[in-house]
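I set out to record what I looked up in this structure, entry by entry. The entries are meant for a reader who has not met it before.

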Amino acid sequence: MTFNPQVERPSRHELGRVLFETKAMSSDWAPTFAAVDRAAFLPDLIWPWDMETGTSVAVDRTTDPDSWYAAVDTDQPIVTQWDDGEHSGTAPGHVSTSSSSAPSVNYGLFQDLDADEGMNVLDVATGTGETAGALYHHCVGSRGRGRGRVTTIEIDRTVSTRARERLCAAGLYPDVVVGDGFGGHAGHGPYDRVLATVGLRESPGAWLPQIRKGGIIVAPWGTHYSNADAVVRLRANNGIALGHFTRPVEFMKIRAQRSPRRPHAEYVPAGTFDSADTSTTAVTESEFITGRYTALPFALGLRVPHCVQAVADARDGARPVWFYGLGDRSWACVMFRDGEETHVWQSGPRRLWDDVEAAFRWWQKQGRPTHDRFGLTVTPDGQEAWLDTPGDSWPV
């Protein structure tokens, strides 16, 4: 098997060194990193995503190649499509709908997947094709001498076609399929490994009969409560799959499971705020607003069903946090204000803040568990979360 030679760039060499030294990439994946160049899978026009500010600015290889390669060789996600392909121009669109994940995230997923030469792997959400190419190199082309197989599935035909072209140009030949990865791809199963590089709100029962006994599923998973997802590593056995979460992540969501729109005015029409039930809470802002990649919002999502949280920016010493019910028009607002008592407003069939505060107190009582203490069980009929062991689980 011959692969296209990769351009040796100092910035890329430095990225590989950092990934290895920080243990984001294990030594067995180093040959794949060296052979499968992220730059070979990206279009000329990209939008590097600043994780600190949540913003992106277009970079075009045709007009500024130095900045383009600098962005590619940085450990950051890069948006490659906006608004399901309806976007045009260089300004960012409304919703990022295809991307290249940060290299540290990708190689962390590979470690969780524990794929090896000769394995049959399903890659859900082809995107740029880089992940499928890396899996192919690792499981088929580099050491497997053709014994393994990688199938990659993508719902967007245009995205899939471009990925196939780039994979072939790089000398990498996974099976590229157009379809909804939520249903898997039974025709090439059973699989030893299934990897999703798109966020899930529901783990597909359709994957269970497509994976061998003892096979592993790795996927970003979370709830509609917030964007706070975590990687779940499930082992399949007798028609079910279960396992712990490994680390926090943020991923764009699979198209059928994107967070529903929640227009504020539909929940809180003008003039109705004053008629809401009012109370106070002893929960403080510093306890509740714990920051990005912390376990609390993830845990609250597991414990409070059908609820979306929206944290507003602090202004003039005050920060409102809103909660919206999914399936009804219940809402709540908690107003944290410096040096003052915290007031709560609630309305609708559910008292959402009461549910959230009860979940918060439960999390505290359990010792403020981190992501890796939680686990998930997936069956053909649904999914259940648990803390520490599957014996005491609840539906999510």
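The notes below cover a sheet, the helices that pack on it, and one loop residue.

Entry 1, the model. I note at the outset that this is a predicted model.

Entry 2, the sheet. I looked up the strand order and found ten strands in an open sheet, arranged 8-7-6-9-10-11-12-18-19-20, with mixed pairing. Strand 8 (175-178) and strand 20 (393-395) are the edge strands, each pairing on one side only. From one strand to the next, the twist averages 20°.

Entry 3, one edge. I then examined strand 19 (residues 382-387), which pairs with strand 20 in the antiparallel sense over three bridges. Glu 384 has Pro 395, in strand 20, as its bridge partner.

Entry 4, the helices on the sheet. Helix 5 (residues 130-141) touches strand 6 (120-124), strand 7 (149-154) and strand 9, and its direction makes about 170° with that of strand 7. Helix 9 also packs on the sheet, and the strands it touches include strand 10, strand 11 (229-237) and strand 12 (240-249). The direction of helix 9 makes about 40° with that of strand 18 (374-379).

Entry 5, helix 9. I asked how many of the nine residues of helix 9 (residues 295-303) are buried. Eight are, so helix 9 is largely enclosed by the rest of the structure. Among them are Leu 296, Phe 298 and Leu 300.

Entry 6, Leu 200. I located Leu 200 in the loop between strand 9 (191-196) and strand 10 (211-221). I count Leu 200 as buried because its relative accessible area is 1%, under the 20% cut-off. Beyond four places away in sequence, Leu 200 touches residues including Trp 207, Trp 221 and Ile 254.

Definitions and conventions. Residues numbered from 1 in each chain as written. Predicted model: local features only at pLDDT ≥ 70, side-chain atom pairs only at ≥ 80, totals over all residues. Heavy atoms only, no water. Buried < 20%, exposed > 50% of the residue type's maximum accessible area, 1.4 Å probe, protein only. Contact = heavy atoms within 4.5 Å. Pairing = 2+ DSSP bridges. Axes fitted to C-alpha atoms, helices over the stretch in contact; angles between N-to-C directions.
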